[in-house]
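Please look over the structure shown below. The report that follows describes selected parts of it under short headings.

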Amino acid sequence: MTQTTGAKLVSIEVYDPPMCCATGVCGPEPDTELLAIRDALLQLEHELPDTVTVARYNLNNDGDKYAQNPEVLNRLREHGVDILPVTLVNGAPVKERSYPTLDELRVYAAR
Amino acid sequence: MTTTQYLFFSGKGGVGKTTMACATAVHHARQGKAVLIVTTDPASNLADVFEQPIGHKVTPLGMDNLWGMEIEPDKATEEFRERALGPLRGVLPENVLAVMEEQFNSPCTTEIAAFDRFVDLMIQEERGDSPAFDVIIFDTAPTGHTIRLLELPVDWSKHIEESAQGSGNTCIGPVANLQQQKAKYDTATALLANPDRTTFIFVTHADLTGLYETKRASGELASIGVRSVELIVNGLLPEEVCGHPFFRQRYEAQQRCLERIVETFSWTQRRMYLRDREIKGLDGLAHVAADLYPRAGAAPQFTLEDDGEEAAPEPEAGAVSDPIAPLLQPEGRTKAVFFTGKGGVGKTVVSCAAAFHLAEQGYNTLLLTTDPAAHIGAVLGQEVGAVPVPVEGAPGLSAVSIDQEEATEAYRARILADARTKYAPDMLKALEEELNSPCTEEMAAFDRFMEYLESEAYDVIVIDTAPTGHTLRLLELPFSYNDQAMLLFNSRQGGGANASPEKDRLARIVEQLKDPQRAVFAFVVYPESTPIEEAARAMADLEKAGIRAQFVVANQVIGAEYCTNAFFRSRRAMQVKHLRRMKERFRAPVAILPLLAGEVAGLDAVREAAEALTAPAATPQGA
């Protein structure tokens, strides 16, 4: 925890769609979108190690997280899994149906 | 503390794995050891052998010291699935749950679910929580892939979450749910690697496919640290019954292969002779056990305790081959012909025969196989490589061998090279394991197939490696679930995008595979219980993907004209009985490919097989 520095803590949560593999390696080619978001999140943590916490959930493994978060659950009930991925910043939804870019992540982190 | 011995039997469908496991169980029980035999084979197989109902619980098997238990793979998978999804029912919407359920239909999950039950038994033993057994025999060994998955670091998915190095999202999704039980798996995997406690027993036939498969599987076992391995070479022809030149030739081919097996593997090897009928009941098993674990100086047997009677002849009506040639023919556009079935049932030979027939009919035909290049080369009598080449002496026929290991390796190398620059060692390890999945291999072969299909350079493409229903459903999900589901391919488009070249391509191909005019799926089996059960399950899996198998090939049916002694007459009667059952069960034409004198080698043998397979009229064999 870094509260003593006075820096704002930003929590970023990404709720992924269900997939056979995170990388798409089970498909005919690796999934560049998924590789890109991994890379972007890594980079963000690297840039802001003391202020940003990142969590990613997978519908297959972490179904309970989807069920426990009202923002995510309501979206799933209304739109089905098509709404995923959903990104939350400090609990508030900021992006759905696609992953944020690194630039977008930097903007969220600066809020 | 108990010192139970664990014996895992491994081998392809139809090699007699269950029978060898049962005979081994009887052997140990007769020596006064308390024995439990556990199977995950399709229901009733063990029950068939012991001629009594068994079921999902430990059951006495009619002799002292012997108990059995049948783990039903479907039930185990369902229990496993409900453990994960049950708490979410009524909370998450139905359509979301449907997508999650599909993830549990993968063949990997079924195997993991079954292994999970094995592990429970092993753990109870170690704790002394259950009646102690001296020997526990599992008639189906888990693959190396499954065991390695369970060995992955306990918290890698957690670690990945925390560090945002990835989603922790893999085809081992269900395993992540199990990892709370990590201690259990640690104990089990340690036992597997302990040669004083655990032995893996391969069962194989003395043929080239068996030799190849055993080599491959032994590499996998070494990679998971299993050190105690034994081999049973089953189905050997007794020299005494091979008076007919037809069987003499087969006998000699087996002996040559047996020599190579002896040279190749340094493990303890046991030999088992073919019997004149199916082995059933405690007497039959005791008979087999006496050969498998002989007293010094005892000579092997091959006819079951003679009750003085040959098996009753079966009505020959069951042995009539249904015509399938019309089903193979293309109608205007490129047709895909898939042969599917467990390793070792002769898919490659059947594919060669079908492709040869089509070329003779004047169709420009490509034979695409994942059989090792050397073996397919031997079958066709010329070299076959990774690029299609015309087959000399068979105008219109080209052949290509996908080196599945090479194709998979190329794919893995490409992804890992990229990943190494980006990810930490833990993530790489997980990614690497993901890439070791059998699904990846299937996909690598399917990917090559799609390229040839799209080239439209051939009238027909015959392939001996059909995708499973699970893979087809995965390819298809974005289309059939439409707005609800979004899997692999959708997510690649950043979520919502609709059209993309890759998606259109897959849509076209999946559509073609579901069109019975443009794609034919056929199953290859031996006319014996286990292969028939396995084919029935695989067929049901395909049907879930909207594809119905159009015909079945019964391979290695002994021609009546060669059955000049009681031994082979009895075996043929057994096969004819199963052929009749197949017709009832599969509700599809059953073509018969007779047992040929040697392994199919050279175009003359392929022509012979092609003629037998596609016989235009239904003539009783050997009439």
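## Val135 of chain B

Val135(B) is buried in this predicted model, because its relative accessibility is 3% and the cut-off for a buried residue is under 20%. The residue belongs to strand E5 of chain B, which covers residues 135-138.

Which residues are in contact with Val135(B), leaving aside its neighbours within four places in sequence? They are Thr4(B), Gln5(B), Leu7(B), His28(B), Lys33(B), Ala34(B), Val35(B) and Leu36(B). The C-alpha atoms of Val135(B) and Ala29(B) are 8.8 Å apart in space, while 106 residues separate the two in sequence.

## Chain B as a whole

Chain B has 623 residues, and 59% of them are buried. Its secondary structure consists of 24 helices and 16 strands.

Contacts in chain B between residues at least 6 apart in sequence can be sorted by their separation: 76% of these contacts join residues at least 24 apart. The chain exposes about 24300 Å² of surface, and 49% of that area is supplied by carbon and sulfur atoms.

## Helices H10 and H11 of chain B

Two helices of chain B pack against each other: H10, made of residues 208-223, and H11, made of residues 245-264. Their axes are 10 Å apart and meet at an angle of about 15°. H10(B) is therefore roughly parallel to H11(B), since angles under 35 degrees count as such. The crossing of H10(B) past H11(B) is right-handed.

On the H10(B) side, the contact is made by Leu208(B), Leu211(B) and Lys215(B). H11(B) contributes Cys257(B), Arg260(B), Ile261(B) and Thr264(B). How many residues of each class does the contact of H10(B) with H11(B) have? Four are nonpolar, one is polar and two are charged.

## Thr87 of chain A

In chain A, Thr87(A) is part of strand E3, which runs over residues 86-89. Is Thr87(A) buried or exposed? Thr87(A) is buried, because its relative accessible area is 0%, and a value under 20% counts as buried.

Residues up to four places away in sequence are not counted among the contacts of Thr87(A) given here. Beyond that range, Thr87(A) touches Ile12(A), Glu13(A) and Val14(A), which precede it in the numbering. The other residues that Thr87(A) touches are Ala92(A), Pro93(A), Val94(A), Lys95(A) and Pro100(A).

Definitions and conventions
Residues numbered from 1 in each chain as written. Chains lettered and ligands numbered in written order. Predicted model: local features only at pLDDT ≥ 70, side-chain atom pairs only at ≥ 80, totals over all residues. Heavy atoms only, no water. Axes fitted to C-alpha atoms, helices over the stretch in contact; angles between N-to-C directions. Helix = DSSP H or I, 4+ residues; strand = E, 2+ residues; numbered from the N terminus. Parallel < 35°, antiparallel > 145°, perpendicular 65-115°, else oblique. Left-handed = near helix turned anticlockwise from the far one by under 90°. Contact = heavy atoms within 4.5 Å. Nonpolar A, V, L, I, M, F, W, Y, C, P; charged D, E, K, R; others polar. Buried < 20%, exposed > 50% of the residue type's maximum accessible area, 1.4 Å probe, protein only. Areas by Shrake-Rupley, 256 points an atom, 1.4 Å probe, with all protein chains shown as cover.
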